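Ready for a few exercises on a protein you haven't met before? Have a go at each task first, then read the solution step by step.

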Amino acid sequence: MTPQPQWLETDFYEVLGIHETASDQEIRSAYRKLARTAHPDAHPDDPGAEERFKAITAAYDVLGDADKRREYDEFRRLGPNAFAGATGARSGDGRVRVNVGNLDDLGDLRGFGGLFDDFFGDPGFGTGPTTRGQHRPGRRSGRPGRDLATEVRLPFTQAVFGTTTSIGLTSEAGCDTCDGSGASPGSGRVTCQVCRGSGAQVTGRGGFAMRQACDRCGGMGDVLEQPCATCRGSGRVRRHRNIKVRIPAGVDDGQTIRLPGRGEPGYDGGPPGDLYVTVDVEPHPTFGRVGNNLTLTVPITYPEAVLGAKVTVPTLDGDNVTVRVPPGTPGGRVLRIGGRGVPEPGKHGDLLLTLDIDVPTNPSAVERDLIEQLATATTTKPRAKWETAR
């Protein structure tokens, strides 16, 4: 990914309210909290809410991706003067030759995708007119659209078994009038008259020839013949979209689902960005989850624990199953029902039953009398080893 100019102007860590050493989980938690509190829908009367939400999304788009975050940190370390010592001169073959005074000051530039070329060298423009009336378009492809991030809250059961849901999202989208081209219907693109289709301008600076993108066409070599009146030539408009999202079975709380191509549209024909949907799972009143296993606490009586019993328990599927409690079962024992947990490709997790002995807090007179008889008749001494040790 090529670093963006705003990376030097914006402190994404400050936007999310976190330290530069924040962990991935801390970044995710900060974003989820801000996304809820700063969403434009929660502030309909605040004209600045939309811009704040866009800034939060842009910050998470970079810091939430390990590779982007690494490049962002390195780019900010270099600072605005990173290229101050660079000079360039054009050789006989027409290319700019760059001399850098001190490469040691620039750090590790690997992964910056030819940043020097963007400033001084061949930035990927076309080679100019070919035959009369024709031009060779610039080789620089359009910029990809921004990735977007949002959140969806799901009931526990839907997260376990999967579902299809709809997400409301307000963002930039392709213009329906011009089909995202930016050109008024019936028109197209024509050769840029400033650079004559080359996509580049050559200027003199301090005795050196510098090649840079054409100010008129932005390096594309052509311009819109007649901009679309709806989007003013941008090919994009801001509107509300309802996006269907397929939630796979077994998605866990905090996991993120990537929807390729459902982000903002690209620029100048570039590919659209992606949409990242973070799942927030509501707790279940009865069941819990550990990995791909479901958990359930099953209360049993003291007689059932001592004598054994058959106990009927619910499952998340909706039906009931009967399990056997062995005689002499202690409280806290875990029984396993295979295949009744979270579904995974080719198999299911299990349902883990934790047995909890229900002790009466207000026994009836009959119960108290029987318990006292049991206490008198009991011969076992569970604490005898402590008495022996004294």
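**Exercise 1.** Find how helix α2 passes helix α3, and work out which way the two run relative to each other.

*Solution.* Start with the handedness: in this predicted model, the crossing of α2 past α3 is left-handed. Next, look at the axes of α2 (residues 24–37) and α3 (residues 49–63), which come within 10 Å and cross at roughly 165°. Angles over 145 degrees count as roughly antiparallel, so that's what α2 is with respect to α3.

**Exercise 2.** Which residues make the contact between α2 and α3, and how do they split by class?

*Solution.* Take one helix at a time. From α2 come I27, R28, Y31, L34 and A35. On the α3 side, you'll find F53, I56, T57, Y60 and L63. Now sort them by class: the contact has eight nonpolar residues, plus one polar and one charged.

**Exercise 3.** Put the strands of the four-stranded open sheet in order and pick out its edges.

*Solution.* Walk across the sheet and you get β12-β13-β19-β16, with mixed pairing. The edge strands are β12 (288–290) and β16, as each of them pairs on one side only. Then check the twist: ignoring direction, neighbouring strands here are turned by 35° against each other on average.

**Exercise 4.** Zoom in on β16: how does it pair with β19, and which residues stand opposite each other?

*Solution.* First, the sense of the pairing: β16 and β19 (residues 351–357) are antiparallel, over four bridges. Then try two of the partners. I337 sits opposite L351 of β19, and R336 has L352 as its bridge partner there.

**Exercise 5.** Which side chains of β16 are buried, and which are not?

*Solution.* Begin with a rule of thumb: side chains in a regular strand alternate between the two faces of the sheet. Now apply it to residues 334–337, where the side chains do alternate. L335 and I337 point to one face and are buried. V334 and R336 point to the other face and aren't buried.

**Exercise 6.** Step back: how many helices and strands are there, and how much of the protein is buried?

*Solution.* Count the elements and you get nine helices and 19 strands. Of the 390 residues, 36% are buried. One last step concerns contacts between residues at least 6 apart in sequence: 63% of these join residues at least 24 apart.

Note on methods. Residues are numbered from 1 along each chain as its sequence is written. This is a predicted model: local features need pLDDT of at least 70, side-chain atom pairs count only at pLDDT 80 or more; totals for chains, interfaces and linings use all residues. Side-chain values use heavy atoms; hydrogens and water are left out. Buried means under 20% relative accessible area, exposed over 50%, partly exposed in between (1.4 Å probe, protein chains only). Two strands pair if DSSP finds at least two bridges between them. Axes are lines fitted to C-alpha atoms, for helices over the stretch in contact, and angles run from 0 to 180 degrees between N-to-C directions. Angles under 35 degrees count as roughly parallel, over 145 as roughly antiparallel, 65 to 115 as roughly perpendicular and the rest as oblique. A crossing is left-handed if the near helix is turned anticlockwise from the far one by less than a right angle, and right-handed if clockwise. Contact means heavy atoms within 4.5 Å. Ala, Val, Leu, Ile, Met, Phe, Trp, Tyr, Cys and Pro count as nonpolar, Asp, Glu, Lys and Arg as charged, and the others, Gly among them, as polar.
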